[in-house]
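Q: Hey, can you walk me through this one? I'd like to go bit by bit.

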Number of protein chains: 2
Amino acid sequence: MPKQPLLPRKKPRQARAAVTVETILEAAARVLSDKSLDGFNTNRVAEVAGVSVGSIYQYFPNKAALVAALIGRAQDSLADAVERSLQRSQGQRLDRVLSGLIDVAIEHQFGNAVLAAALDHEEQRLPLGDMLSATQHRIAKAVQRAFEKHPELGNTTVTATTTIDCFTIAKALIESEATREKPDLAALRKRALRALQGYLLQPATKTLPRKRTRTDIQPSQDSP
Amino acid sequence: MPKQPLLPRKKPRQARAAVTVETILEAAARVLSDKSLDGFNTNRVAEVAGVSVGSIYQYFPNKAALVAALIGRAQDSLADAVERSLQRSQGQRLDRVLSGLIDVAIEHQFGNAVLAAALDHEEQRLPLGDMLSATQHRIAKAVQRAFEKHPELGNTTVTATTTIDCFTIAKALIESEATREKPDLAALRKRALRALQGYLLQPATKTLPRKRTRTDIQPSQDSP
DNA sequence: ACCTGAACACCGTTCAAGT
DNA sequence: ACCTGAACACCGTTCAAGT
């Protein structure tokens, strides 16, 4: 069971080394875009980058760390876009705010569809834990602030979970549309907006009396 | 670029061969549960099943087809559970119907968490196309019928897309909770119900006047 | 400090040989 | 018809040798 480290092995100390690292990451993004996850191998990345495979392993402990670095960059750029969008829609109606965020997420996903899909996929699989949460907290905090002070949500308490759920929901709808052969972005925007508005404006459910059934289980690791 | 076939190579003709196939699939599920996707390899599956690697390739064209078969079985069992749930909640309030479906989905995900997560993951990655849609249509149709005739949704038109969106949303929330270290199933139920009720009861958005921005793009395959 | 590329290990897949 | 397992190919990772 390989508990793989995902952090960069070391930082380049010389200028030409920094170029090497940058070249490697660009090549990795390129290969991932062109060939998707199958066909993404270190040999090809090295070839496209014009370096030896060994050079990759001087800065990244393994292939997963290479992908993790790309995910980190994508997250950063998403966080920037979210903050810009919230700034633009400041003081506007809730549907405007939400539409802005949805547009950002759609752009993020469809701007480079193959790459984004591959990164999303690996994001779930890799134990990114803390690496991810830094930037994601930044996003969550910004959105939560915007929600909290919004008049239309005055009566609803907006928790961190609520904010994260909004992201989860929007992301799922967008990714689902992305796998379609002919995505309809206009329709997608409406559906995502409806889902988010619905979730946010729906009063949190009063505890629903529920008969206990055999689905009242705690998570376990049974064999099939 | 390997356009991999995912359908079983052939059906076993003798009884002992059927046993072999069953044994292989059970071993595959076992390995996947124990070791997750890393560490899931054909050699180990063969070893656990007590057969030679060659035997696997007599019935499955490749490793992905093995996983695809497991996905198919999981989908079938989910479809059964959905239909049973809809039958139980027939004529009840909408929140009851939705809660029943949510419980089914939660049971499906948490009953064998590692296996379910691995299968979900591969479900997105593999080009399952038609293999999936058969069972998924069965589920979607059943749910859509239940929604369409439900009094509380009388004024809302329930399209196929609406139904699928509900699944997408519920699944995303459940999977997200499944990656947590200490999942809170009771809270998850409430959040999922709120999301589904919100989406279904929220009147479909009137076309929102939107300024055109540079995010009005069509999907493309640009380089980063 | 950085880079190279041959060498090794692991694993997916095949195929000649068996029953 | 079914099963075996050695052999091959591909790819992740390392390391001794270079600059």
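A: Sure, one definition before we start: Ala, Val, Leu, Ile, Met, Phe, Trp, Tyr, Cys and Pro count as nonpolar, Asp, Glu, Lys and Arg as charged, and the others, Gly among them, as polar. With that, the surface near DNA strand D has seven nonpolar, 10 polar and five charged residues. A residue is near a strand if one of its heavy atoms lies within 4 Å of it.

Q: Anything I should know about the model and the numbering?

A: This is a predicted model, where local features need pLDDT of at least 70, side-chain atom pairs count only at pLDDT 80 or more, and totals for chains, interfaces and linings use all residues. Residues are numbered from 1 along each chain as its sequence is written, chains are lettered from A and ligands numbered from 1 in the order in which they are written, and side-chain values use heavy atoms, with hydrogens and water left out.

Q: Ok, which residues come nearest to DNA strand D?

A: Out of 22 residues around DNA strand D, the nearest are A:Tyr57, B:Arg13, B:Thr20, B:Ser52 and B:Gln58. Of the atoms of DNA strand D that come within 4 Å of the protein, 75% belong to sugar and phosphate.

Q: Which helices supply at least two residues of that surface near DNA strand D?

A: From chain A, helix H2 (42-49) and helix H3 (53-59), and from chain B, helix H1 (15-35) and helix H3 (53-59). Helices here are DSSP runs (H or I, at least four residues; strands are E, at least two), numbered from the N terminus. H3(B) gives the largest share, four residues.

Q: What is 2.6 Å from a phosphate oxygen of DNA strand D?

A: That's a polar side-chain atom of A:Tyr57. It's a polar contact, meaning a pair of N or O atoms within 3.5 Å; within protein, one must be able to donate a hydrogen and the other to accept it, and residues adjacent in sequence count only if both atoms are side-chain atoms. A:Thr42 uses a polar backbone atom, 2.7 Å from a phosphate oxygen of DNA strand D. For B:Tyr59, a side-chain N or O atom is 2.9 Å from a phosphate oxygen of that strand.

Q: And DNA strand C, which residues are closest there?

A: A:Arg13, A:Thr20, A:Ser52, A:Gln58 and B:Tyr57 are the closest of the 22 residues that surround DNA strand C. Here sugar and phosphate make up 74% of the strand's atoms within 4 Å of the protein.

Q: What does A:Ser52 reach on DNA strand C?

A: A base nitrogen: a polar side-chain atom of A:Ser52 is 2.5 Å from it. A:Ser55 has a side-chain N or O atom 2.9 Å from a phosphate oxygen of DNA strand C. The largest share of the surface near DNA strand C comes from H3(A), with four residues.

Q: Switching topic: how do H4 and H5 of chain A cross?

A: The axes of H4 (residues 63-88) and H5 (residues 94-110) of chain A come within 9 Å and cross at roughly 155°. Axes are lines fitted to C-alpha atoms, for helices over the stretch in contact, and angles run from 0 to 180 degrees between N-to-C directions. So H4(A) is roughly antiparallel to H5(A); angles under 35 degrees count as roughly parallel, over 145 as roughly antiparallel, 65 to 115 as roughly perpendicular and the rest as oblique.

Q: What about H5 and H6 in chain B?

A: H5 (residues 94-110) and H6 (residues 113-125) of chain B pack at about 100°, with axes 6 Å apart. That makes H5(B) roughly perpendicular to H6(B).
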